[in-house]
Amino acid sequence: MKKIKVLIIDDSALVRQTISAILESDSRIEVSGVASDPYVAVKKIKENLPDVITLDIEMPKMDGLTFLRKLMSQHPIPVLVISTLTEKGTASAIQALEHGAVEVISKPKINTKEYLESARKELCRMVVEVSHANVSRKVDRLIPTSKLTADAVITKRSSRSMIRTTDKVIAVGASTGGTEAIKDFLMALPIDCPGVVIVQHMPEMFTRQFAKRLNDLSNLTIKEAKDNDHVLRGQVLIAPGNYHLLLNRSGANYYVQVQEGPVVNRHRPSVDVLFRSVAKYAGKNAIGIIMTGMGDDGASGLLEMREAGAHTIAQDEKSCVVFGMPAAAIKMGAAERVLPLDRIAHAIRENEEIINT
């Protein structure tokens, strides 16, 4: 099997050495080069074209964002951003995703070597997955891994009667490429749309900055969810990184629960967990949307939503950065409709049953 060639760009010699050693320990990966800044990286790319680039953001001579913009406009290559856990770093990481980076992995400013070594398996897994999520938007190859299901966090929907409600909920799940997809979707929603709950696979601390940036761009109220937040019209709640987001009900009113718990489908937050809770407590009064992303998280949950009477939509292959999650949902019959990204919000606006309470 052809090895995945990786170019490591970081101004820290220690970080370059650490990441190199970690990646070289995986038989699927080959470190084709290292670079201390983007200018050296350009030479390395010309000498030996990599399959994946790991990129630091804060670097001398040329910052990572500038390099990323130039790279994506001239010679797109899958990029995995490795960013420090600072407020400035998280803001830059969100911009990196907007400019074409496939994924982001966090790193602390201190004890970086120890942190990266502890995340060895995750780093190697991400590099392999990112290599399939290239800019030509080909279908990702799912990597079989033992994983827990939503059963580990929430029980399935029962047939017990509940107080009737006509309030609607929109539930969205996304991963790789989802930051831009979610932004485009929310920007197209009316200001009085039903409450929206979202799981976007993202590291802890990044989701708050992501929500803040979206709130600055949209007429909707968008925030990182907190435990017991009410689901209100015109408001969007985004699951905080490293916590599951669940919908619940008190009488006819919806609220969310933010809780820890086991990793489900290799993720916390998990889309399956959110979707199951929506199926359980909103049923036919919900619409579920599964967007671009690697793997199959959310597919089973979307099927549960459809079986509960909810409207379900999967983003189509052409408009996805990675078609893994929508493809898995479509394959098991979970998607009532398959639509390009720019048609999803429009379809919701046209559906009076969803928009009107």
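# Close-ups of a predicted model

**View 1. Lys156 and the company it keeps.** Not counting residues up to four places away in sequence, Lys156 touches Asp151, Arg276, Lys280 and Glu304. Everything in these views comes from a predicted model, so keep that in mind as you look around. Lys156 sits in the loop between helix 6 (120-132) and strand 6. Is Lys156 buried or exposed? Its relative accessibility is 52%, so Lys156 counts as exposed. Now look at Glu304: along the sequence it is 148 residues from Lys156, yet the two C-alpha atoms are 8.5 Å apart in space.

**View 2. Helix 10, where Glu304 lives.** Helix 10 covers residues 299-307, and its buried residues are Ala299, Gly301, Leu302, Glu304 and Met305. So what do the buried residues of helix 10 pack against? They meet helix 9 (271-281), strand 12, strand 13 and helix 11 (324-331). Just after helix 10 comes Gly309, with a positive phi near 100°.

**View 3. The whole chain, for orientation.** Step back for a moment before the next close-ups. The chain holds 13 helices and 14 strands. Of its 357 residues, 57% are buried. Take the contacts between residues at least 6 apart in sequence: 74% of them join residues at least 24 apart.

**View 4. A five-strand sheet.** Here five strands line up in the order 2-1-3-4-5, forming an open sheet with parallel pairing. Which strands stand at the edges? Those are strand 2 and strand 5 (103-107); each has a single partner strand, so one side of each is left without a neighbour in the sheet. On average, neighbouring strands of this sheet are turned by 20° against each other, direction ignored. As a reminder, strands of a sheet pair through backbone hydrogen bonds, either parallel or antiparallel.

**View 5. Strand 1 and its two partners.** Zoom in on strand 1 (residues 4-9), which runs parallel to strand 2 (residues 29-35) and is joined to it by six bridges. Find Ile8, and you'll see Val34 of strand 2 standing opposite. Strand 1 also pairs with strand 3 (residues 52-55), again in the parallel sense, over four bridges. There, Ile9 has Leu55 as its bridge partner in strand 3. Helix 3 (residues 64-74) packs on the sheet and touches strand 1, strand 3 and strand 4, with its direction at about 160° to that of strand 3.

**View 6. Helix 1, the link between two strands.** Follow the chain from strand 1 through helix 1 (residues 13-24) to strand 2 and you trace a right-handed β-α-β unit. Helix 1 is home to Thr18. How accessible is Thr18? Its relative accessibility is 4%, and residues under 20% count as buried, so Thr18 is buried. Leaving aside neighbours within four places in sequence, Thr18 is in contact with Lys113, Leu116 and Glu117.

**View 7. A seven-strand sheet.** Time for another open sheet, this one made of seven strands in the order 8-9-7-6-12-13-14, with parallel pairing. Strand 8 (221-224) and strand 14 (337-339) take the edges; each has a single partner strand, so one side of each is left without a neighbour in the sheet. Neighbouring strands of this sheet are turned by 20° against each other on average, direction ignored. Look within the sheet for strand 7 (residues 195-200) and strand 9 (residues 235-238), which pair in the parallel sense over three bridges. One pair to spot is Val196 with Val236, its bridge partner in strand 9. Helix 7 packs on this sheet, and its direction makes about 170° with that of strand 7. Among the strands helix 7 touches are strand 6 (169-174), strand 12 (286-290) and strand 13 (311-315). Helix 8 lies across strand 7, strand 8 and strand 9, and runs at about 175° to strand 8.

**View 8. Helix 7 meets helix 8.** Two packed helices are described by the angle between their axes and the distance between the axes. For helix 7 (residues 178-187) and helix 8 (residues 206-217), the angle is about 30° and the axes are 10 Å apart. Their crossing is right-handed. Which residues meet here? Helix 7 brings Thr179, Ile182, Lys183, Leu186 and Met187, while helix 8 brings Phe210, Leu214 and Leu217. Sort the residues of this contact by type and you get six nonpolar, one polar and one charged.

How values were computed: Residues are numbered from 1 along each chain as its sequence is written. This is a predicted model: local features need pLDDT of at least 70, side-chain atom pairs count only at pLDDT 80 or more; totals for chains, interfaces and linings use all residues. Side-chain values use heavy atoms; hydrogens and water are left out. Two strands pair if DSSP finds at least two bridges between them. A crossover is right-handed if, with the strands pointing away from the viewer, the path from the first strand over the helix to the second runs clockwise. Axes are lines fitted to C-alpha atoms, for helices over the stretch in contact, and angles run from 0 to 180 degrees between N-to-C directions. A crossing is left-handed if the near helix is turned anticlockwise from the far one by less than a right angle, and right-handed if clockwise. Contact means heavy atoms within 4.5 Å. Ala, Val, Leu, Ile, Met, Phe, Trp, Tyr, Cys and Pro count as nonpolar, Asp, Glu, Lys and Arg as charged, and the others, Gly among them, as polar. Buried means under 20% relative accessible area, exposed over 50%, partly exposed in between (1.4 Å probe, protein chains only).
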